[in-house]
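Visitor: I would like to go through this chain step by step. Where should a first-year student begin?

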Amino acid sequence: MPLDWAPLVKLVNEHQRFLLTTHIRPDADGLGSLLALGEALQLRGKEVRRIVASSWPPAYDFLDPEKTIERFTLPGDTWRGQDVVIILDTATWNQLGDFATFLPQLPRSRS
């Protein structure tokens, strides 16, 4: 069954500011997904912030030499005001760390 990308394309086209995250204790695939999607969005002229809610694993320093991924901490006020939040490489709340507390506080869009 082919994947329908239309909802994601619509979401990207209709919004400007994106907050991307992955699971705590991130691994290479989570960090790689975060970095790759962030770059793809930026190439489309979008504003992107990348965060992780746990310490950065030094073994992966080479993935983000420009240090574009920020360390999320509560209360999270600096990361409010984004249009869209995208969580990569997990579908489990307990893998979001403190971000799981922050996320329900954000306003929800109907688009």
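Guide: Begin with the vocabulary: helices are DSSP runs of at least four residues, strands are runs of at least two, and both are numbered from the N terminus. The model shown here is predicted.

Visitor: What pattern does the chain follow when read along the sequence?
Guide: The chain has three helices and four strands. Read along the sequence, these elements give the pattern α-β-α-β-β-β-α.

Visitor: What radius of gyration does the chain have, and what would a compact globule have?
Guide: Along its principal axes, the C-alpha trace spans about 35 × 30 × 30 Å. For 111 residues, a compact globule would have a radius of gyration near 13 Å. The chain agrees with that, at 14 Å.

Visitor: What share of the contacts between residues at least 6 apart in sequence joins residues at least 24 apart?
Guide: A contact here means heavy atoms within 4.5 Å. Among the contacts between residues at least 6 apart, the share joining residues at least 24 apart is 66%.

Visitor: Is Leu20 buried or exposed?
Guide: Leu20 lies in strand S1, residues 17-22. Leaving aside neighbours within four places in sequence, its contacts include Leu34, Leu37, Leu41, Val48, Ile51 and Ile86. Buried means under 20% relative accessible area. Because its relative accessibility is 0%, Leu20 counts as buried.

Visitor: What share of the residues in the chain is buried?
Guide: Leu20 is one of the buried residues. For the chain of 111 residues, the buried share is 35%.

Visitor: How many salt bridges does a search of the whole structure find?
Guide: Side chains of opposite charge can pair when their charged atoms come close. To count as a salt bridge, a side-chain nitrogen of Lys or Arg must be within 4 Å of a carboxyl oxygen of Asp or Glu. The search of the whole structure finds four.

Visitor: Which side chain meets Glu14 in a salt bridge?
Guide: The partner sits four residues away in helix H1 (residues 6-14), so the two are separated by about one helical turn. Glu14 is partly exposed, with a relative accessible area of 44%, and its partner is partly exposed at 45%. The N to O distance is 3.1 Å, and the partner is Lys10.

Visitor: How far apart in sequence are the parts that Glu70 and Arg49 tie together?
Guide: The side chains of Glu70 and Arg49 meet in a salt bridge, 2.7 Å from N to O. Glu70 lies in strand S3 (residues 69-71) and Arg49 in strand S2, so the pair ties together parts whose separation in sequence is 21 residues.

Visitor: Which residue forms a salt bridge with Asp77?
Guide: The closest N and O atoms of this pair are 3.0 Å apart. The partner is partly exposed, with a relative accessible area of 30%. Its name is Arg80.

Visitor: Lys46 is buried yet has no salt bridge. Which backbone oxygens lie 2.9 Å and 2.8 Å from a polar atom of its side chain?
Guide: Lys46 is found in the loop between helix H2 (28-43) and strand S2 (47-52). The nearest side chain of opposite charge, Asp83, is 7.7 Å away, while a salt bridge requires the atoms to be within 4 Å. Not counting residues up to four places away in sequence, Lys46 touches Val12, Asn13, His15, Gln16, Phe18 and Leu41. The oxygen at 2.9 Å belongs to Val12, and the oxygen at 2.8 Å belongs to His15.

Terms used: Residues numbered from 1 in each chain as written. Predicted model: local features only at pLDDT ≥ 70, side-chain atom pairs only at ≥ 80, totals over all residues. Heavy atoms only, no water. Buried < 20%, exposed > 50% of the residue type's maximum accessible area, 1.4 Å probe, protein only. Lys, Arg positive; Asp, Glu negative; His and termini not counted. Polar contact = N/O pair within 3.5 Å; in protein donor to acceptor, adjacent residues only side chain to side chain. Rg over C-alpha atoms; globule rule 2.2 N^0.38 Å.
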